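Trainee: I have some time this afternoon and would enjoy going through this model with you. Could we take it piece by piece?

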Amino acid sequence: MTWRQTRWGAANLITVAWTLFPIWWLVALAFKDPATLADGSFWPRQWSWANFSGIFRGSAFVRPLINSIGIGLIATVISVVVATMAAYAIARLNFPGKRVLVGVSLLIAMFPQISLVSPLFNIERALGLFNTWPGLIIPYLAFSLPLAIYTLSAFFREVPWDLEKAAKVDGASQRQILTHVIAPLALPGIATTAILVFMFCWNEFLFAISLTSTDASMTAPAAMGFFTGVSQFTFPIGSIAAAAVVITIPIVILVMIFQRRIVAGLTSGAVKG
Amino acid sequence: MTRAQLGQAGLSHTEPTRVERRRLSAATRAERRFGWALCAPAVIVMAAVAFYPIGYALYLSLQRYDLRFPQLSHFVGLANYDAVLSSGIWWHAFVVTAVIMVVSVTIEFVLGMTFALLLNYTPLWRGLVRTSILLPYGIVTVAAAYSWQFAWTPGTGYLANQLPAGSAPLTSQWQAVGIIILAEIWKTTPFMTLLLLAGLTLVPGELLRAAKVDGATGWQRFTQIMLPLMKPAILVALLFRMLDAFRIFDNIFILTKGNNGTGSVSILGYDNLFTALNLGIGSAISVLILIAVAIIAVIFIVGFGAAAPGAAPERH
Amino acid sequence: MAAITLDKITKRYPDGTEAVRGVDLEITDGEFIVFIGPSGCGKTTLLNMIAGLEDISSGELRIGGRVVNLLSPKDRDVAMVFQSYALYPHMTVRRNMAFPLKIARLPPGEIGRRVTRAAELLEIAEHLDRKPASLSGGQRQRVAMGRAIVRDPQAFLMDEPLSNLDAKLRVQMRTMISRLQRRLRATTLYVTHDQTEAMTLGDRIMVLRHGRMQQAGPPRELYDHPANLFVAGFIGSLAMNFLPGQLAGSSLSWPLGDVPLPAGTIRRLAEGNAPQDVIVGIRPEDFEDAALIDDAKRARGAAVVVRPDMLESLGSDVFAYFPVPRRRGAQAGELERVAAETGSSVAPGPERTFVARLSPATRAHQGVPLDLWLDTHKLRLFDAQDGTALDRDLNVLKR
C-alpha cells in the first residue's frame, strides 16, 4: 500500500463511517432483544428477531407498507409518462410558452409544501379524496414532475439532433420520431428518472401525514410517525427501528444497483460514473 | 446565427414583411401543436395541484376559519397576518429556522465539497464510496430521524451516554437544534455533493495540470481555479439547499415535535393546522413561508446571478 | 430523378438577418452539383431549405416541376446524408436502411429487395445485422448512403459527408460516391468546404459567400475564369497569389515591375471600361524558373527578378516563397476581406509573400536572386473596389 493509497483509503473510511453509522445504529437497535433496548450499547448484546416479527404481526405496519409500495409505483409510472412527454417537448421542440413552462416547474420545485397542505386538505375533503390513494398520488405527481422533467430533458438533450433530422427526411411524423427514435435512446434516462421519482414518493412524509388518517392510505413513513409499538407496555423503539430497517432495505438495494445511474441523473448527465 | 454574428460577417438586415411571417409551413404549425399537446398533462397536473391551491390558501388566510366550527368562518381581511407577524412565537420559529438554514447549509457546503472532491479523485473503492455517499439521500428521512433520536435519548442512546450523566440534549433548546442540524446535514449532504460534483467535472483537467506545472499547490489550485470556475454550480447548489432548508419539517417532527422552542416555521404551520385546527392562521403562516422562500430565491437569482437550471436549450 | 430549380431562394430570420440571399440556380436531372464556400456562408442552410428542414423565407423551390416550398420533407421525396451520418444507434444496419421504407409502408418483400440491392452496391452486405457502434467510420458512411439509396428519391442531398473521415478514407469514398452517382444517374446536391472534393466530384460547382451566389459553373471554368476575387482565391489547392497594381495603357504596373499585357487582355479591358486600380492574381503554377524556359515560351510571358527567402522541395515540385513589396496606399480593402475569408493569412507589414511552383530541375537557391518567368496570359485582373473579374472572355462562358 503506497502512502498515497493509505491517505485516500483513510479518507474513504472516514466518509463511509460517517454515512453508515446512523444506518448501522438502526440495524443494531432492530436486532436487539427487546429487553436490552435500554442498555445504550452500540452493538446488540443479544440478537433477536422479536422486533421484526412484532411489526409484521397484525396490519399496523403491513398495511402502510402496501400503501407505500402501491402509491409509489402508480405515482412513479404516471409521473414518468407525463414527464417524458413534457421533457421531450421542452428539449426538442419549438413552441411558444416553453420558457414559461420551465420557469413554472422550477417554481413548483421551490414551493414550500407546507403552504399547500391546508388548501389541499380542505379540497380533498370536499372532493372525497381525503385518506385515499389518489389523494396522495395526485400531489406526488405534481411535486415529482419538476424533478422528473428536469432530469429527463437533460437526457433528451443528449440525443443528437441529426437523428431527428434524418428521421424527418426519412418521412417520419413527429409522433413516429418520438416513439421509434427518441424514446428507445432515452430509455436509460427514463429508468433513472423512474428510480428518482420512486425514491421521492417512498420518502415523502408531510403530505402523507396530512392527507391521510387511517391505514386505508397511510404510507409507511407516516405510520411510523405515529407508531405505538408491539404492545402498550414496551418501548416502541424496537418496533420503530425494525420498521425503519424494513423500509430502508429497498432503497439500499436500489442505490447499490443503480448508483451510477442515480449520480448521472442528479447531475444531469454531467457525471457519467 | 445571431444578429451580431451575421453582422460581423458583413450581412445586412432587412425587416421581415408581415406576409412572410405568417407563411409558416404546415410542419412548423404541427410542431407547435404537438409541443402543446405533449406538455398539456404536466401543465394540468401542476396547475391543479400547485396553483389552484395556492390561490385557495390565500383565500383561506383571509378568513377566520376554525375547523371545529366551520360554519362560523368569515372574512377578516389581514387580521390573521397581523396576529402572526406580531406574535413572538412566529418570530421565534423564524429565527430558529434561519439559524438552522444558515448553519446547516454552510456546513453542508464544506462537507459536500469535500465529498465531491473525494468522489472525483479517490483511486480506491469508488463504487463503495459512491454508494455510501448516496445512501443518506435515499434513506427515508423519518427512519434516519428516528436513528438520531434514539442515539441521543439518554439510556438507549450510545451518543447520549457519552455525555455527562443526566443531560437530555433533545429536551434543551439549543442542544436539540444542534442535533436537528446534525440530522439535516447528514441527510441532505449527498444532494449538495452531487450538485458540486457536476460543477467539478466541468473544470477542464488541463487547467489544473498547467497550474501544477506552474508550481501551484493543491490548495492554490483549489481556490484560484476550481472554485471560481465552479461558481455557477455552487450558486445553484446553495440556492436549492437554502430553499430546502427553510422548509425543514420531517427531521424536527420526529426528533422533538417542535417542543422546547425548536419548532421551525413549517412546524408552526402544521401545528396551527392540525393541532389547533385553525385553517385561517395556518394558511396565513403558509403564505408567509411562501413569500419568505420567494425572497430568498430572488436574492440568489437577481443578487448573485444564480442561473436557473433547465433553462431553454438552443436549437440547431 | 428530377431537375431542381432554385428561384430567388432567400432565408431571413425573425430578427432580419439573411443567411441566404436570392439564389438562382437551375439543376438538371442527373447532375452532380457542389455547393461550396467558407463556414457560415449559408450552404448548409440552403441544403436544409431544399430538404424541407428549414422554412424558405421567399422565393420558389421546384423539384421535378412541382413547387415544394410548403411541403414537409417526407413529401418532397429527397434523401439526405448527414455529416455525422445520423444512424439510429439502437437499430441494426438492416433496420436503419429499412426505416424510411417502413415509414412509407412499402411491402416487406420490396423492402428486403431494396435493402439487399443497396447493401451489395455499397459492399456492406456482410454488416447488415450489426449495429452502427461496431462499424468503422467508412462503413457507417456507406450505411448512411444506403439509407438514402433505398428510397430511390428524386434527389440526393449530402451535407459534408466525408469531413469526419481521415484523409486516405476520404479519397477512397470520394471515388465511390462519384462512381455511384454516375451509375444511378442521380441528381445530387453536395455541400462541402473542401475544394478538392468540389473540383473532383462536381459536374458544376456553385460558390457561396455571405449567402450570395458568386459563380456557378464547371470546375474548369471556375478555375480558369473566376468571376471575382473571392472565387479566384477560394478555388484551387494552390492558392492564387494576389497583389494590387495599376493599368497603364498596354502594360501593368505592379511591385514586381512593369509587365506588358497580352493583346487579347488589352482588348477585353478596353471593351469593359476597366478602371485604373486593379488587383492582379496569378497562380503558383504559372511561374517558372526563367533559366528552364525556351525562347518561344519566354515570349509569351514576362520575366521578373525576385529573391526567394524560402524553398520547399517536394520531390515533384519546388515551391519558392519570395517577398513582394506592398505598395503603400493601394486600394486593397476587398483583398483583405477575401484573404480573411479564404483563410490565406495576410501578414501585416511592408511585404507580401508570393509562392511560385518551379520544376524540380531548378537551380534556385534561398537568398539568391532568381530570374522568374510568369505567363502573362494567365494573369487575372480584378476590380480593386469590388473584386469583379475584369477580363473574362464572355464568349467562352455561356452560363
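Trainee: Let me begin in chain C: which residue of E9(C) is the bridge partner of C:Phe35?

Mentor: Good place to start, and keep in mind that this is a predicted model. E3(C) and E9(C) run parallel and are joined by four bridges. In E9(C), the partner of C:Phe35 is C:Met206.

Trainee: On its other pairing, with E8(C), which residue is the bridge partner of C:Phe32?

Mentor: Strand E3 (residues 32–36) of chain C pairs with strand E8 (residues 188–192) of chain C in the parallel sense, over five bridges. In E8(C), C:Phe32 is bridged to C:Thr188.

Trainee: How many residues of strand E3 of chain C are buried?

Mentor: Take the two faces in turn. On one side C:Phe32, C:Val34 and C:Ile36 are buried, and on the other C:Ile33 and C:Phe35 are buried, which leaves both faces covered. The strand is mostly covered, and the count of buried residues is five of five.

Trainee: Now to C:Ile205: is this residue buried or exposed?

Mentor: C:Ile205 is found in strand E9 (residues 204–209) of chain C. Beyond its neighbours within four places in sequence, its contacts include C:Val34 and C:Ile36, both of them buried residues of E3(C). The cut-off for burial is 20 or more other C-beta atoms within 10 Å. C:Ile205 has 28 such atoms, so the residue counts as buried.

Trainee: What distance separates the C-alpha atoms of C:Ile205 and C:Gly257?

Mentor: Along the chain these two are 52 residues apart. C:Gly257 belongs to strand E13 (257–260) of chain C, an edge strand of another sheet that we can look at next. In space, the C-alpha atoms of C:Ile205 and C:Gly257 are separated by 35 Å.

Trainee: Which strands are at the edges of the five-strand sheet in chain C?

Mentor: The sheet is open and antiparallel, with the order E13-E12-E11-E14-E21. Its neighbouring strands are turned by 40° against each other on average, direction ignored. The strands that pair on one side only are E13(C) and E21(C).

Trainee: In E21(C), which residue is the bridge partner of C:Val278?

Mentor: Strand E14 (residues 277–282) of chain C pairs with E21(C) in the antiparallel sense over four bridges. In E21(C), the residue bridged to C:Val278 is C:Asp383.

Trainee: Chain C also has a sheet of three strands; by how many degrees are its neighbouring strands turned on average?

Mentor: This sheet is open too, in the order E17-E18-E19, and its pairing is antiparallel. Strand E17 (310–313) and strand E19 (351–358) of chain C each have a single partner strand, so one side of each is left without a neighbour in the sheet. With direction ignored, the average turn between neighbouring strands is 25°.

Trainee: And in E18(C), which residue is the bridge partner of C:Met310?

Mentor: E17(C) and strand E18 (residues 318–325) of chain C pair in the antiparallel sense over four bridges. The partner of C:Met310 in E18(C) is C:Tyr321.

Trainee: Let's move to chain B: how far apart are the centres of its domains?

Mentor: Chain B has 13 helices and two strands. The chain is divided into domain 1 (16–55) and domain 2 (79–303). Taken over C-alpha atoms, the centres of domain 1 and domain 2 of chain B are separated by 38 Å.

Trainee: Which helix gives the most to the side of chain B that touches chain A?

Mentor: The contact takes 87 residues from chain B and 89 residues from chain A. Several helices of chain B each supply at least two residues to that side, including H5, H8 and H13. The residues of that side divide into 61 nonpolar, 20 polar and six charged. The helix that gives the most, with 20 residues, is H3(B).

Trainee: What span should H6(B) have, and what do its end C-alpha atoms show?

Mentor: H6(B) has 13 residues, ten of them buried. Helices H1, H8 and H11 of chain A are among what covers those buried residues, together with H5, H7 and H8 of chain B. At 1.5 Å a residue the expected span is 18 Å, and the end C-alpha atoms agree, being apart by 18 Å.

Terms used: Residues numbered from 1 in each chain as written. Chains lettered and ligands numbered in written order. Predicted model: local features only at pLDDT ≥ 70, side-chain atom pairs only at ≥ 80, totals over all residues. Contact = placed C-beta atoms within 7 Å. Nonpolar A, V, L, I, M, F, W, Y, C, P; charged D, E, K, R; others polar. Expected span 1.5 Å × (residues − 1). Buried ≥ 20, exposed ≤ 12 C-beta atoms within 10 Å, placed from the backbone. Pairing = 2+ DSSP bridges. Axes fitted to C-alpha atoms, helices over the stretch in contact; angles between N-to-C directions. Domains from an automatic or database assignment.
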